[in-house]
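Here are my comments on the model you sent, written with the covalent and charged side-chain contacts in mind. Please read them with the coordinates open.

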Amino acid sequence: MKNLLKTGASALALSLMATVATAEGKLSIYHWFEYIPQELLDKFAAEYDVEVTLDTYDSNEALLAALKAGKLGQYDVAVPGDYMVEIMGKEGMLDTFTDDEMPLKGNILPQWMDVGFDPGRKSSIPYQWGSTSFSVNRDVYSGDIQTTDIIFNPPEELKGKINVLDTAGETLTLASIHLGIPQCTTDREQLKALNDLVQNAKQYWASFGSDVAKDVLVSGDAAAGMIWNGFGMKAREEGANIEYAYPAQGYIVWMDNVVLLKDAPNRENALKFMNFLLEPENAAAVTNYARYTAGVKGVEPFLEEAVKSAPELNPPAGGNPQFVQACDEEVQKVYDTIWTNLKK
Amino acid sequence: MAGGLGQGTGKSARTYAGLGVPLILPAWLIIGIFLVVPILIMLVYSFLTKEFRGGVIWEPTLAAYDQFFFDRGLFGDEPPKIEWTYILIFWRSIWQAGLATVLCLLIGFPTAWFIATRPPNSRTIWLFLITVPYWVNLLIRTISMKFLIRDNGPLNQWLLDAGLISEPIHVINTATAVQLGLFYSYLPFMVLPIYAAVERYNFALSEAAADLYASRWVTLTQVIIPSVKPGIIAGCILVFVPSLGAFLAPDLLGGAKNFMIGSLIEEQFKGAAGNWPFGAAAAMILLTMVLIVLIFYARSQARGAR
Amino acid sequence: MAKKPDLRRFPGFYGITLLCLFLLYAPLIIVAIYSFNDSQSITIWGGASLRWYEDVFWGLEADKFKQAAVNSLTIAVTAAIAATIIATMAATAMLRAGSFRGKGASFALINLPLMVPEIVTAVATLIFFSAIGFTTGIMTILVAHIVFCIPFAYLPIAARMEGIEDVYEQAAQDLYATRWEAFRLVLLPLMMPGIISGFLLAFIISLDDFIITNFVKGAGVETLPTAIFGAVKQGIKPNIMAISTLLLLVSILFVTLSYFAGRMGQNRQ
């Protein structure tokens, strides 16, 4: 027992020392899963002598839930999508920075500079943007896939083999696009139609999952699945014979942003990190890894050829891209009910 | 691990008489502060108001329980009807857990009996073989099962290669997959307590029954099973209770679609739903159900002891 | 006289036992085999190699898993030690201290963590830390683990103590040993096999836990199960299979250890 205690105590002491020894500079990132290359984090850690820790989430709503559950004050930066930046701003979860604190702010592409969810970019910088629709396995189904019917009214071959993103924001928005109703509608008939649509479509869906969205397509667990364009491209590159659709009814576009969180324990390092991500080479490294599109000037020389020519990243002209909107409490309650009814 | 459970009900040794309270105090404090108090706080939370987008407001309400039992329509203004969906999730969980218990018992009892009746030397080896999976990480075992049964997994590949099937058997993301996961996860939990009971079984009873011309079957059902019943019940509880609140099997094998109570509760705290009071209420209802099962167990034990 | 049938044998039980072991081992063994697969694709066999084990120890994600393993071990060792000490004290109170106030309730309380479903404990603990405004981190995981390790440590310790007559301590006291000496020099050595079993069981239970850890872990803190769970969502990669196989070996090692602890006990009695 004595020896056991001794071993235990020394193991504890060692691990405590390990934390103390490296506690000099830290950065705590809360990030989407599989979205930033480890090499880039290592590069930042080496360049600025900072110990970087990364936690991941799989939906904007999960990010918000975790911060509300007491994680605010533990992380320095997070990567919410456009509408979630707006919500977090209203919830008072964001800190602001001055232009002096972000020397490379000028690198931001003009169209991503004065955005509605953060006018003047006071709390956030653009990270990557992309779209959300779905990919279909061409071995299973060879017909027309440029329609949201694939998900909500699928052909025989795909019934029961569809994975849907496990997030109300994007799944219900795509359903609204399918019905051609406005987002955040207060019209009761339209909301009822939305509820009926997803309730009816559920029988065709095999699973709900966001973090598994790529794996189900690669492994063949699903033959079609809602997915983000870059993630769909990665799935294709990992060997799935799939095609990403830009449906005629419309599709979702989004811009993810790195935000400075309120009560960030390492505000200085957070700013360094955000500035670091505005360097074209680093923004390009994220693009090369995650297969989305950077919101920073001058990334082209650093991009891989595959990214430039990928069908996933080059939407056809004249489509109907829509940003997800942040609804007010009254409507959001109905959306929550629809989603809960759907999941149970 | 023969003998009692350390209930301290037998002949009481008194070497340290008078030190009982200070010696038990650390256990009381740790479990009291970090389990009993949290459960009480959770009970309070289940009566609080949900804040928009997660969190709670300190205003008492029955909304969480109302949501659980009553359906007031999409807009919350229709006259209340009975809400079947959550009851259905609970029913599905009970059904899945019950089925897993029965399956584990059907495989576990013969196994436990067989091992307990081996000669001591080979018994050790059998016991070792059954204990190893018991100690292997539950997550690892669930992942292994998922890998094995998926459409492109080794099992389907082999069956396809052997020409036994022409199309992969689709099991993953179905209720069957969840059932398989539960059964596989908790099977060792059934074997070990029954083994302990059979080991203590007095075979003179079987001989007596045989002398009275009882058939094997009659001996099994009328003599053996009643004598090892405590072990069987303990095994059933060790399978049923964790299956009821399981999270990993429905999440990894059921595609987060075949909702069970565990996933429903998790969703309220980790996922998009962000409804803490409702999650707390569902957890309280689950806890109440488990406590009822355990009270029945305790009463049957007490009756057995008499 | 007719040959007496063997009353211990039931037809088919042998077969069911083999089936049971097959069911328990098949998935684990298949994963272990595929962990040596040289191919990047997990289902196509590309020859045997150790590349995924190299990847686990020296690959890109090695640091993450190493840190998670260190966290897991630190928490498991600390929680198991704390739970073993608390359980030993509690067992002494329950079995060696006569009657005292609250003894009846104590047994129920010690076993409460066993009876409450894990998901309920997880939620209650999360709400508790959030309500008192305590920042989650490695400490919150540790506290939660100590709580649910206590009954697992208690069961073998108490079972062992019940099997030891108190005559030894009585004899020691008759020879003018103080109660502390009787405990330390007589009861504790006799208890050792039970204490080791209790410690090992608590250790493995702590190492095993996913749900509670997942709820109470703080920013940047991962244990092995939470790290594996996060990784496996993006697909069951060969490196995960390698880690699984290593953990399988750890389990086998621990069962062997606890078996020898049990043997030690039999020899002493």
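The points below take the cysteines first and the salt bridges after them.

1. Please keep in mind throughout that this is a predicted model. Across all chains, a search of the whole structure finds one disulfide, and that disulfide joins Cys184(A) to Cys327(A), with the two sulfur atoms 2.0 Å apart. The link between Cys184(A) and Cys327(A) is left-handed, with -80° about the S-S bond.

2. The disulfide connects distant parts of chain A, since its two cysteines are 143 residues apart: Cys184(A) sits in the loop between helix 6 (168-179) and helix 7 (188-201), while Cys327(A) sits in the loop between strand 11 (321-323) and helix 13 (329-343). Cys184(A) is buried at a relative accessible area of 17%, and Cys327(A) is buried as well, at 7%.

3. Why does Cys104(B) not bond to Cys20(C)? The closest cysteine sulfur to that of Cys104(B) is the one in Cys20(C), but because the distance is 8.8 Å the two are too far apart for a bond; the cut-off for a disulfide is 2.5 Å. Cys104(B) is buried, with a relative accessible area of 0%, and Cys149(C) likewise counts as buried at 0%.

4. Turning to charged pairs, the search over all chains finds 26 salt bridges. One of them is formed by the side chains of Arg267(A) and Glu101(A), at 2.9 Å from N to O. Arg267(A) belongs to helix 10 (residues 267-277) and Glu101(A) to the loop between helix 4 (82-90) and strand 4 (124-137) of chain A, so this pair ties together parts that are 166 residues apart in sequence. Arg267(A) is partly exposed at 24% relative accessibility, and Glu101(A) is partly exposed at 27%.

5. A salt bridge also joins Arg236(A) and Glu312(A), whose closest N and O atoms are 2.7 Å apart. Here too distant parts of the chain are linked, with Arg236(A) in helix 9 (residues 229-237) and Glu312(A), 76 residues away, in the loop between helix 12 (305-309) and strand 11. Arg236(A) is partly exposed at 29% relative accessibility, whereas Glu312(A) is buried at 2%.

6. Within helix 12 of chain A, Glu305(A) and Lys308(A) lie three residues apart, about one turn of the helix, and they form a salt bridge with their closest N and O atoms 3.5 Å apart. Glu305(A) is exposed at 57% relative accessibility, while Lys308(A) is partly exposed at 40%.

7. Finally, please look at the network of salt bridges that links Glu34(A), Lys214(A), Lys234(A) and Glu238(A).

Terms used: Residues numbered from 1 in each chain as written. Chains lettered and ligands numbered in written order. Predicted model: local features only at pLDDT ≥ 70, side-chain atom pairs only at ≥ 80, totals over all residues. Heavy atoms only, no water. Helix = DSSP H or I, 4+ residues; strand = E, 2+ residues; numbered from the N terminus. Buried < 20%, exposed > 50% of the residue type's maximum accessible area, 1.4 Å probe, protein only. Salt bridge = Lys/Arg side-chain N within 4 Å of Asp/Glu carboxyl O.
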